[in-house]
Amino acid sequence: MEDQESQEIILKGIGGSPGICIGKAYLVDKEGVDVVKQYIVRKAFLPAEVGRFKTAVRKAGEALQRVIDKTPEELRQHVQILETHMLLLKDKMLYDRTIEVIEGEHVNAEWALKKVVSQVKPMFENMSNDYLRQRAEDITHVADRIMENLVGGEHVNIARIDKRVILVARDLSPAETSQIQLERIKGFVTNRGGHASHTSIIARTLEIPAVMGVGNATLKINNDDIIIVDGGTGTVVVHPTEQTLLATEERREQYEIRKAQMARTSHLPAKTQNGQLISVMGNIELPEEVVALLDHGGDGIGLYRTEFQYLSRPDFPSENGLFENYKDVIDVMGNRPVTIRTLDINGDKAVNYIHENQEANPALGLRAIRYCLRKPDIFQTQLRAILRAAAHGNVRILLPMISGIEEVEKAIALIDDAAESLEKQGLAYNRDIPIGIMMEVPSAVVTADILAEKADFFSIGTNDLIQYTLAVDRGNRHVAHLHQPLHPAILRLIKGVCDVAREKGIPTYMCGEMAAAPLFAPILLGLGVEELSMNPQAIPVVKSAIRSLNLAGIDTLIAEMMRLTTARAIQDFLTQHFGEAVTRLGAAGSDQ
Ligand code: PEP
Ligand code: MG
């Protein structure tokens, strides 16, 4: 009989990125005092490791000081305990000994600290004096504070993992996910997050299987447990039986075969049976992804999320750095369109060197265009780099999170300023490029007729449009089921944008993840979306779906569908009319 520990457990989450992987779990829990992992630090890196420990202690001290400073007068008597913690931070037994262990045993700071705490705590616990015995608790508090700084934020240190594993974390930020090295990390599982979070979008771009929103993954899974991650169904199997392993391996092979079949036709144009040619483009976060995008048959870049160049670094990038980066992408893309979206930082893509971004509601805060208009210098640097790069290819500019016409006017004025300054300096640039507006805030959709006067195209960002219209946090697993692309409100908004754009003579594109679902292609095209852009992995399946469609007579179906009252009814309607073709394709790439 199997012991309790190794019994097969099935955990349900949300499919973040399709694909199946089997491997050993590696926990990177940010509150990971109990799940700290030991790794050997090479001699040359020991000073850096000690430095990392000292920084964590300093940050813990600063955080404590902030708490002390904020404590109101009437609670002053409690401050004493915090002051004791302050002293303990630099206590020889904790501080000096941890450094000794790092240097002496060549181990990571987390492990050294854990070891030292496990030695020091019992010494206090065994003391007969009450006061001293209680200090054991304080040691734990202090060590936890240091540990949080060591393993939290940018220090998850995914880049250092040196074996093929599956990451298991409470949460991974988009910046951390973008550091994942594909040859090391097979997939990941997180307690938090949902399908539309930036973390899962990146996982799809990287083509690594991911299950998110599991809730208790870090409690149920231990380091080195064998786990199966199925990003298509959103399931994680811990301690799989021999039988499950065999069945999974078979399904994985089938999945890879279907994917390869799809890839073989991905370079064919996406032309419907009735002769309508649709551009199927890719979304990228980093220049390295361009090759995968072309391999998957992408007709261009419908969304370049430029903010990733601002994350995972100590300060803002320079104009030349940005220019080179954009030019690299443009050079690979040749004549194909490259839609460069201006900086969409903050929200869930916080930049750690911007210190004023402690916001209670970051998604509603100083994000994207709002930040750029508040910081014209930073915006100018990017705009100049884009206009310079535009001299080398087929570039479009896309403005994120527009909520009204004034933001568009201000942004255009800054684009003109950037062009003027380049002209004065005699640098090559191109100002004569399309400027588009992201349709992702409901107020923009409602005033689309006004915005159209200043825009060359609209691009619907359904990830945020759904978040803001339905009041559903895109990264919150508890409401992930409510993030519904087929909600009648969303379909009405999409229809509204397309109708206005058609009237005003500008095209409507879509770059939100809704565009990646093959089942939705007929209605999006039927409503009038002219170009679909998605994570590159989804391109082949969406192209295949489009090739199988005949859109003659689609208007009648759309009219019928628009009368339906729930997302469920609309989903059933689509399955009934287009399901057969799409189910056949969907297993390899559908991710909605
Ligand atoms: C969107 O909101 O749909 C979008 C494409 O932008 P992002 O996912 O980067 O917010
Ligand atoms: Mg968005």
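A nonpolar core, as I'll use the term today, is a set of buried Ala, Val, Leu, Ile, Met, Phe, Trp, Tyr and Cys residues joined through side-chain atoms within 4.5 Å. Hello everyone, and please keep in mind that what we are looking at is a predicted model.

Let's start with the layout. The domain assignment splits the protein into domain 1 (4-29 + 156-241), domain 2 (43-151) and domain 3 (266-589). Taken over C-alpha atoms, the centres of domain 1 and domain 2 are 31 Å apart.

Now for that core. The largest one has 123 residues, and the members that touch the most others are F458, I494, L532 and L574. Where does this core lie? Domain 1 and domain 3 both contribute residues to it, so the core sits between them. There is also a second, separate core, of 33 residues, with I68, L82, L88 and V120 among its members. As a general point, nonpolar side chains in soluble globular proteins tend to be buried together.

If you'd like to zoom in on one core residue, try L532. Setting aside neighbours within four places in sequence, L532 contacts S279, V280 and M281, along with M510, A515, L524, L525, V542 and I546.

Next, a helix to click on: α7, residues 198-206. Is this helix enclosed or open? Nine of its nine residues are buried, so α7 is largely enclosed by the rest of the structure. The buried set is not just aliphatic names, either: it includes H198, R204 and T205, as well as I201, I202 and L206. Right after α7 comes E207, with a positive phi of about 60 degrees.

Two other residues have a positive phi without being glycines. H239 is one of them, at about 50 degrees, and it is found in the loop between β8 (235-238) and α9 (242-264). With 16% relative accessibility, H239 counts as buried, because the cut-off is under 20%. N346 is another, at about 70 degrees; this residue lies in the loop between β12 (338-341) and α12 (369-374). N346 counts as buried too, at 3% relative accessibility.

On to the metal, which I suspect many of you were waiting for. Which residues coordinate the magnesium ion, ligand 2? They are E440, through OE, and D464, through OD, at 2.0 to 2.1 Å. The pair brings together distant parts of the chain, 24 residues apart: E440 is in the loop between β14 (435-439) and α15 (442-446), and D464 is in helix α17 (residues 462-470). Both E440 and D464 are buried.

E440 turns up again when we look at cavities. There are three cavities of 30 Å³ or more, and the largest holds about 70 Å³ of space. Its lining has 14 residues, and those nearest the centre are R305, R341, M438, E440 and N463. Two elements, β11 (301-305) and α17, each give two or more residues to that lining.

Let me finish with two buried helix residues. A56 is in helix α1 (residues 46-70), and at 3% relative accessibility A56 counts as buried. Beyond its sequence neighbours within four places, A56 touches I146, N149 and L150. The C-alpha atoms of A56 and A109 are 9.7 Å apart, although 53 residues separate the two along the chain.

R388 belongs to helix α13 (residues 376-390). Is R388 buried or exposed? At 11% relative accessibility, R388 counts as buried. Leaving out neighbours within four places in sequence, its contacts are E319, N320, F323, L422, A428 and Y429.

Thanks for listening!

Key: Residues are numbered from 1 along each chain as its sequence is written. Chains are lettered from A and ligands numbered from 1 in the order in which they are written. This is a predicted model: local features need pLDDT of at least 70, side-chain atom pairs count only at pLDDT 80 or more; totals for chains, interfaces and linings use all residues. Side-chain values use heavy atoms; hydrogens and water are left out. Domain bounds come from an automatic or database domain assignment. Buried means under 20% relative accessible area, exposed over 50%, partly exposed in between (1.4 Å probe, protein chains only). Contact means heavy atoms within 4.5 Å. Helices (H or I, at least four residues) and strands (E, at least two) are DSSP runs, numbered from the N terminus. Donors are N, O and S atoms within 2.8 Å of the metal (3.2 Å for Na, K and Ca); water is not among the atoms, so sites may look incomplete. On a 1 Å grid over the protein atoms alone, a cavity is a set of points where a 1.4 Å probe fits but cannot get out, and a pocket is an open set with protein on both sides within 12 Å along at least five of seven lines; lining residues have an atom within 4 Å of a point. Grid points are joined across faces, edges and corners, and a volume is the space filled by probe spheres set on the points.
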